[in-house]
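Trainee: I am new to this structure. Please take me through a close look at one part of it, and then show me what surrounds that part in the rest of the chain.

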Amino acid sequence: MIELDNVSYGHNGTALFSQLSLTLAPGSFQFLTGPSGAGKTTLLRLCYADLRAQKGKTRLFGQDASTLDRDGVAMSRRRIGVVHQDCQFIDHLSVAENIALPLTVAGRVSEAAGNLKELLSWVGLGPQSGRLPPELSGGERQRAALARAVIMSPDVIIADEPTGNVDWEMSQRLLSLLVELNRMGKTVLIATHDLNIIRSLKSDVDARVLRLKDGQLTTAGSVL
Amino acid sequence: MKGLLDLIVGDPQADRVVPPTGVTARLTIFVSAVMAFLAIIALALSLSTGRVADRWAEELAQAATLRLPADPEQADAQLAKALEILETTPGVASTRALTNEEQQALLEPWFGTDLPLDTLPIPQLVEIIADEPAYDPEGLQARLTAEIPGVVLDDHATWRDPLLAAAGRVRLIGWAVILLIGASVAAMITLAAHASLAANAQVVRVLRLVGARDVYIARAFVRRYTLRAGLGAIAGVVLALIVLQILPDGGGFFAEVGFDGAGWIWPLMIPLLAAIVAFFATRAAAIARLREQT
Ligand SMILES: Nc1ncnc2c1ncn2[C@@H]1O[C@H](COP(=O)(O)OP(=O)(O)OP(=O)(O)O)[C@@H](O)[C@H]1O
Ligand SMILES: [Mg+2]
């Protein structure tokens, strides 16, 4: 689905990682951990072509990201649902409109109605659906971001700290949604530094745990 | 055509993704209205100047003046001879010898009212109205000179040519003004669109992140500015037409200022042109802006 092949990236000239490779196989489930500032968010942004690899190749759905034109990038993003660490909403649109945005921009507004209600109640935002994003709590924003990420039923779901601001019960509920989607065949990548979350899901899903530290990506199953 | 219809009808959902911006919107409408107003006034002036010049030139072209030598002894004989020649010339519709009073009136601005015409040798003038097709002025002059030495046929070409040249220049200035107004509308819309895109950078970023294509994002902005420019221009045109209607009739000249016949296409075209200019200016600005982002 998504493949990073010997990729190097650094912000403002200081290399964050080099020659890093990662393959997200169809239907796979992986966690990305690592200390704060290790470059998890940067790595995820490479995966949805928000950043371009400075060296090496990024392949999205078999296509070299460097050869994609701007419409090509837009089309790829419709197949990747992203929960951004900083959420990224349009502040003058209601929560419901923000969640439906991927369908709106894809010209598939008519599909929104049914999905939207179900999703809103799943993430517990039914009563807040008419509010504006700046009026939401941090946890409510994360739930709305998750709902927006999955509304298109994308092939790949990338979530950057999706449970950082919610209580344990809600985080279990949100993650179970991702596990459910993974069972339906979706590819999932979650960045988190909360190892408890990874442990709690161990029995439910066959997940790979990757650790990013000092520019190195290692499989870290044994750490747990 | 379908694209244009889509643009005007719009997608209300897509439209809402860009927040309404009060002050840019009002300024765009205002500037567009002012520009359309100026364009209409400039057009009305240049079109009517051209029209008046054309009519004068046409009147001058139809009428010619024959001047007989100022020779009191042979005046009557020469006049009779001249009229006879003119009558037998094909292409001459009518001829008329000016009376003493008329000749005196012509001289009045120069010599005053108490000119003793009968004691002065004044050349007799004959007005010639050309037929369709007109006579050949050079042939007529030659025939007249053969019979009456010193006779002068003035077909007014010396008046007409500079008049036509001046009218042509006024028209040219009119078009130049329209072009300049169009260019400033384009510049103003480009500035406004850039400001609007910058103010909505977060909106644009989110739209890109959720998979919006550039055309989708650009359209939300293009639609707004096209409509604003078009509506502003309509207001400006209406205002200009009202002003032209109530313009004081300055000795007949302003009565001419306005549109007639095919000229009425312009008041209809100006809003359309403003919208077209806004469409392309906003689209270029949006595409340039979006290219800078991932
Ligand atoms: N846009 C940027 N410009 C410059 N430096 C940046 C930018 N984004 C991130 N960085 C730097 O790159 C490094 C990695 O950042 P990144 O956000 O990828 O870390 P992270 O692993 O996601 O951290 P966290 O767990 O705190 O979210 C940090 O040192 C950060 O300061
Ligand atoms: Mg991060």
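**The largest cavity and its surroundings**

Mentor: Strand β6 of chain A gives the most to the lining of the largest cavity, namely three residues. This is a predicted model, and what follows describes that model. The largest cavity holds about 110 Å³ of space. Its lining is made of 13 residues, and the closest to its centre are A:Ile80, A:Gly81, A:Val82, A:Pro102 and A:Arg148. Helix α5 of chain A, residues 138-150, is also a contributor, since β6(A) and α5(A) each supply at least two residues of the lining. A search of the whole structure finds two cavities of 30 Å³ or more.

From β6(A) we can move on to the magnesium ion. The loop between β6 (80-83) and α3 (95-105) of chain A holds A:Gln85. The OE1 atom of A:Gln85 and the OG1 atom of A:Thr41 coordinate the magnesium ion, ligand 2, at 1.9 to 2.2 Å. A:Thr41 belongs to helix α1 of chain A, so this pair ties together parts that are 44 residues apart in sequence. Are these two residues buried or exposed? A:Thr41 has a relative accessibility of 27%, so it counts as partly exposed. A:Gln85 has 43% and therefore also counts as partly exposed. The class covers values between the cut-offs of 20% and 50%.

Helix α1(A), residues 40-47, leads from the ion to the sheet. The helix lies across β1, β2 and β4 of chain A and runs at about 130° to β1(A). Those strands belong to an open sheet of four, with the order β2-β1-β4-β5 in chain A and antiparallel pairing. Its edge strands are β2(A) and β5(A), residues 63-64, each of which pairs on one side only.

Take the β2(A) edge now. Strand β1(A), residues 2-11, and strand β2(A), residues 14-24, are antiparallel and joined by seven bridges. One of the positions to find is A:Glu3, whose bridge partner in β2(A) is A:Thr23. The two strands form a hairpin with two residues between them, and A:Asn12 in the turn has a positive phi of about 50°.

At the other edge, β4(A), residues 55-60, pairs with β5(A) in the antiparallel sense over two bridges. Here A:Arg59 stands opposite A:Asp64 of β5(A).

To retrace the path, begin at the cavity lining with β6(A), go to A:Gln85 and A:Thr41 at the magnesium ion, and end with α1(A) across β1(A), β2(A) and β4(A).

Key
Residues are numbered from 1 along each chain as its sequence is written. Chains are lettered from A and ligands numbered from 1 in the order in which they are written. This is a predicted model: local features need pLDDT of at least 70, side-chain atom pairs count only at pLDDT 80 or more; totals for chains, interfaces and linings use all residues. Side-chain values use heavy atoms; hydrogens and water are left out. Two strands pair if DSSP finds at least two bridges between them. Contact means heavy atoms within 4.5 Å. Axes are lines fitted to C-alpha atoms, for helices over the stretch in contact, and angles run from 0 to 180 degrees between N-to-C directions. Donors are N, O and S atoms within 2.8 Å of the metal (3.2 Å for Na, K and Ca); water is not among the atoms, so sites may look incomplete. Buried means under 20% relative accessible area, exposed over 50%, partly exposed in between (1.4 Å probe, protein chains only). On a 1 Å grid over the protein atoms alone, a cavity is a set of points where a 1.4 Å probe fits but cannot get out, and a pocket is an open set with protein on both sides within 12 Å along at least five of seven lines; lining residues have an atom within 4 Å of a point. Grid points are joined across faces, edges and corners, and a volume is the space filled by probe spheres set on the points.
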